[in-house]
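Student: I would like to work through the ring contacts and a helix of this chain with you, one step at a time. Could we begin once the structure is on the screen?

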Amino acid sequence: MENLDAARLQMAFTLIFHIVFACIGMVMPFFMIVSHYKWLKTKDTMYLTLTKTWQKGVAIFFVTGAVSGTALSFELGLLWPEFMKHAGPIIGMPFSLEGAAFFVEAIALGFYFYGWNKLPERFHWVTGIIVGIAGVSSGILVVAANSWMNAPSGFTYENGVFSNIDPIQAMLNPAWFTQALHMVLAAFTATSFAVAGVHAYQIYKKRKVVLHLKAFKIAITFGAIAAILQPISGDISAKDIAERQPAKLAAMEAHYHTEKNVPLYIGGIVNNETQEVTHKIALPNMLSFLAFGDFDAEVKGLNEFPEDERPNVAIVHYAFQIMVGLGTLLLLAGIFYFVSRKKTRWQQKSVYWLFFVCLAPMGFIALEAGWIVTEVGRQPWIIYNIMKTKDAVTPMDGIVYSFYMYVLVYTVLTVAVTWLMIRQIKVLNQSKL
């Protein structure tokens, strides 16, 4: 395996795992503080039990997110030294601020975890809010650094030299808001539907039904709201990509030839040799409208770009279709929940809960597909239109062995976290209420 392939696979593999740990760590504190607030208001011991169970989950994912995120930081230097040589001084600020947010989160989590019956109730609850805000802030700051790779700014680039560096402008690059908004909503959607699915399964199995129903309602409310808002951020992102990264947009839709009145493809099988998409549903003029707000707008095709500057069309297109398809499913599920939440007779049917159980992994599958679109769609650039990925990779041999090691370590970590979470559910079901 070539160094470039091994390095990209290692980065992709670790990101695929870390993003799950990080998103759950960002979102679960909000479930915890809502449950805590309900306990403060009602003194219902079920909410107290649920809060303490969720706080343990927050602690588990805080630790695993920190470990897997730290590994990614080392990988940037290990795998992409030429990138870090130039990018480090430019995008160091969001990483530094992310470290500060991490420390705030750690301190607040310590106060929250050990503050029961020691701190004033309201202050104790506020420390939980700080945990949630700091976690989301960390995620936004990391996305700001990633978005800079898609919309490099805050420096002057001439003759291979980076100068006139402005870290603030680099951090607040043209893509940071759209990516951060889309990522935060995706994190809430994926985590909320996953947690709601776990509790729906317990209800389906008739275990501690009242307790799990309370948990389900908290989680699914966050998920439904985020899923309904997600298409808005998706539309903003699509228009931004159409303006700044037309090759990525063309790959997302497998659009090869520049033309006006361009249809939007739903599904389809990509044939890169013939530059055709078969077995698709075409919605006339819709890509022109979604990209530029004009049904007659011209959309650049992949043929406008040199072959060595085009992303892998099939991977980007299929990932985009999965993301949009599952996002639409979760949107409809969110609307369905709000319509059905007071329909007691619906909730008495097993199929109702089985439906939400089946949705549990869908948000994370959509989330992973979205990151594939973002990262593979930018290729072959590591810094868009400035530095190619092949020029940033380490010349050191043996990266493939590092890749194998990371696969083993992250697999073990995932098994351990899964076992811990299953154990927490069992403990919750055995609690005396």
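Tutor: Let us start with a term that we shall need: a polar contact is a pair of N or O atoms within 3.5 Å, where, within protein, one atom must be able to donate a hydrogen and the other to accept it. Please keep in mind throughout that this is a predicted model.

Student: Which residue caps the N-terminal end of H10?

Tutor: At that end of the helix, a side-chain oxygen lies 3.3 Å from the backbone nitrogen of Ala-314, and the cut-off for a polar contact is 3.5 Å. The residue that supplies this oxygen, and so caps H10, is Asn-312.

Student: How far apart are the end C-alpha atoms of H10, and what should its residues span?

Tutor: The helix H10 covers residues 313-340. Its 28 residues, taken at 1.5 Å a residue, should span 40 Å, and this agrees with the separation of its end C-alpha atoms, which is 40 Å.

Student: How many aromatic pairs does a search of the whole structure find, and what kind of pair do Phe-216 and Phe-356 form?

Tutor: The search of the whole structure gives 35 aromatic pairs. For Phe-216 and Phe-356, the centres are 5.2 Å apart and the planes stand at 75°; since an angle over 60 degrees counts in this way, the pair is edge-to-face.

Student: Why does the pair of Phe-216 and Phe-356 tie together parts that are apart in sequence, and by how many residues?

Tutor: Phe-216 belongs to helix H7 (residues 209-244), whereas Phe-356 belongs to helix H12 (residues 350-359). Phe-216 is buried, with a relative accessible area of 1%, and Phe-356 is likewise buried at 1%. Because the two rings sit in these two helices, the pair joins parts separated along the sequence by 140 residues.

Student: Is Phe-336, which pairs with Phe-356, buried, partly exposed or exposed?

Tutor: Phe-336 and Phe-356 form a stacked pair, 6.2 Å centre to centre with 25° between the planes, and this pair links helix H10 with helix H12. The relative accessible area of Phe-336 is 28%, and values between 20% and 50% fall in the middle class, so Phe-336 is partly exposed.

Student: Which ring has the charged end of Lys-43 over it?

Tutor: The charged end of Lys-43 lies 4.1 Å from the centre of the ring in question, and a charge counts as sitting over a ring only within 6 Å of that centre. The ring is that of Trp-39.

Terms used
Residues are numbered from 1 along each chain as its sequence is written. This is a predicted model: local features need pLDDT of at least 70, side-chain atom pairs count only at pLDDT 80 or more; totals for chains, interfaces and linings use all residues. Side-chain values use heavy atoms; hydrogens and water are left out. Rings of Phe, Tyr and Trp (its six-membered ring) pair if their centres lie within 6.5 Å; planes under 30 degrees apart count as stacked, over 60 as edge-to-face and the rest as tilted. Helices (H or I, at least four residues) and strands (E, at least two) are DSSP runs, numbered from the N terminus. Buried means under 20% relative accessible area, exposed over 50%, partly exposed in between (1.4 Å probe, protein chains only). A charge sits over a ring if NZ of Lys or CZ of Arg is within 6 Å of the ring centre and within 35 degrees of the ring normal. The expected span of a helix is 1.5 Å times one less than its number of residues.
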